[in-house]
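Here are my notes on the model you sent over. I've set them out as numbered points, so pick whichever you need.

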Amino acid sequence: MSWSLHLPLNNAAPHRSLTSRPANYFAACLNVDTRAPDSDQAKPLKGKRSSEIISDEKKFIVGTYARAPVVLESGKGCKLCDVEGREYLDLTSGIAVNALGHGDSDWLRALSQQAEALAHVSNVYYSVPQVELAKRLVTSSFADRVFFCNSGTEANEAAIKFSRKFQRHTNPDKTDPPMEFIAFSNSFHGRTMGALALTSKEHYRTPFQPVMPGVTFLEYGDTQAAVEKIQSGKVAAVFVEPIQGEGGIYSSTKEFLQSLRTACDKTGCLLVFDEVQCGLGRTGYLWAHEAYNVYPDIMTLAKPLAGGLPIGAALVTERVAAAIEYGDHGSTFAGNPLVCSAAITVLDKISDPSFLGSVTEKGQYFKDLLVSSIGGNSHVKEVRGFGLIIGIDLDVSASPLVEACQQSGLLVLTAGKGNVVRIVPPLIISMEEVDKAVGILKKCFHVLDEATST
């Protein structure tokens with residue numbers, strides 16, 4: 001049967017007959033052609049095996065991730081299951097995101113209730129969960145105000161903008177107020193252009209040069225070099241992770257952070273703590289910097305805050321907030337009712353002193369057990385960490401060990417230059433699960449000898 005669809009718009013020519021089109025095309029309204037999906041592409045992923053899903057991923061998703069060959073389908077607590085039903089003990093928590101584990105009942109309840117009521121309105125309007133979350137964050141921290149965004153890199157972008165705006169605001173008569181930044185070796189602050197400029201690994205930055213200029217990288221912990229650079233009067237802000245995650249699980253010292261604080265106070269430079277990975281209970285303190293009793297002007301948060309939903313936040317003092325005006329920054333999705341309701345549940349549970357105490361206890365137990373079990377292995381240089389962010393520093397690549405653990409039902413990450421096993425489990429992990437994890441790790445260590453002998 002031959003027929004034509006006529007949609008004359010603005011004197012446009014009538015659409016040509018569908019009979020003249022290829023069989024796999026439809027003529028859509030407004031003269032827009034839409035390809036009908038191929039039968040293979042239209043198949044639902046549910047029920048497919050891992051190999052099929054991995055093959056589909058390579059066809060349809062931009063290749064920015066070197067993924068492990070595991071297709072995860074469900075999870076509960078610290079356990080994950082793949083599409084074939086294999087079970088894994090999760091020491092990654094979505095890269096330090098799922099602090100309450102998978103499928104926490106209170107988190108699910110908050111999501112369900114809020115999704116039924118209102119999920120998103122944009123920041124054109126007020127919403128109750130956003131204000132309530134901000135109040136909780138301010139009450140539990142050094143900060144006076146909060147800016148919400150959608151990720152850690154966005155939080156650091158906000159901190160960059162706020163720092164420069166603060167310097168212009170506080171130096172109105174200067175034609176060249178401080179606009180430079182200090183970051184440190186092994187730092188990771190994100191992959192967007194500003195945060196990327198503050199990230200030390202050159203292989204992250206090089207393909208996208210030129211990135212934001214004006215960043216000086218100093219050795220992490222080098223107090224003298226940092227103070228001298230701050231005293232130049234050209235630095236808008238110092239960005240530092242109290243505990244470096246991606247960089248290899250390196251902890252700062254009180255002396256280093258206090259020296260940064262003192263130098264910043266003397267010069268009007270801002271101190272920014274990036275706690276995207278190490279903050280919100282991961283160390284056994286609500287905020288990692290509390291362990292050092294040194295406080296920033298801005299703190300950036302993200303990963304665990306909404307328990308698996310995308311959120312970021314820049315917490316600032318009133319002094320910083322006073323420099324920011326309507327329109328200086330913004331986000332469509334940030335702080336929507338759904339994600340903020342989830343975050344309120346996460347923050348309320350983690351900020352309980354007994355919860356934080358359990359993180360400290362389990363973290364120490366985990367580290368002690370690792371030292372006694374594998375610390376004497378010839379490939380282990382150091383076991384280090386703070387609370388439930390732990391690194392096993394090796395003298396070889398950690399990849400063979402990570403792969404062997406995965407095949408044995410244990411998921412771990414790498415960090416540093418690929419030579420550090422990064423352990424960031426859900427904060428609800430049990431002692432029994434710690435025992436099981438260390439047992440698997442110990443059993444798999446032989447692959448490092450095999451890898452170095454080939």
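1. In which sense do strand β7 and β9 pair, and over how many bridges? This is a predicted model, and in it β7 (residues 180-184) runs parallel to β9, with three bridges joining them. If you want a place to look, phenylalanine 181 has alanine 237 of β9 as its bridge partner.

2. Stay on β9 for a moment. β9 also pairs with strand β12 (residues 270-274), again in the parallel sense, this time over four bridges. Alanine 237 turns up here too: its bridge partner in β12 is leucine 270. So how many residues of β9 (235-240) are buried? Six of its six are, and the strand is mostly covered.

3. Now the open sheet. Four strands make it up, in the order β3-β4-β5-β17, and the pairing is mixed. β3 (72-76) and β17 (410-411) are the edge strands; each has a single partner, so one side of each has no neighbour in the sheet.

4. How does β17 join that sheet? Strand β5 (residues 87-90) pairs with β17 in the parallel sense, over two bridges. One residue pair to check on screen is aspartate 90 with leucine 411 of β17, which are bridge partners.

5. Serine 141 deserves a look. You'll find serine 141 in the loop that links α4 (128-139) to β6 (145-149). Is serine 141 buried or exposed? Its relative accessible area is 17%, and because the cut-off for buried is under 20%, serine 141 counts as buried.

6. What does serine 141 touch? Leaving out residues up to four places away in sequence, the contacts are Trp287 and Leu315. Closer along the chain, the serine 141 side chain reaches the backbone nitrogen of alanine 143 at 3.1 Å.

7. On the whole protein: there are 454 residues, and 49% of them count as buried. The secondary structure comes to 15 helices and 19 strands. Among contacts with a separation of 6 or more, 69% link residues 24 or more positions apart. The exposed surface is about 21900 Å², with carbon and sulfur atoms supplying 54% of it.

8. Last, confidence. The average pLDDT is 91, and 89% of the residues score at least 70. Over residues 1-37, though, the pLDDT is below 50; that stretch still has 36 contacts in the model beyond near neighbours in sequence.

Conventions. Residues are numbered from 1 along each chain as its sequence is written. This is a predicted model: local features need pLDDT of at least 70, side-chain atom pairs count only at pLDDT 80 or more; totals for chains, interfaces and linings use all residues. Side-chain values use heavy atoms; hydrogens and water are left out. Two strands pair if DSSP finds at least two bridges between them. Buried means under 20% relative accessible area, exposed over 50%, partly exposed in between (1.4 Å probe, protein chains only). A polar contact is a pair of N or O atoms within 3.5 Å; within protein, one must be able to donate a hydrogen and the other to accept it, and residues adjacent in sequence count only if both atoms are side-chain atoms. Contact means heavy atoms within 4.5 Å. pLDDT is the predictor's confidence in each residue, from 0 to 100. Accessible areas come from the Shrake-Rupley method with a 1.4 Å probe; for residues, only the protein chains shown count as cover.
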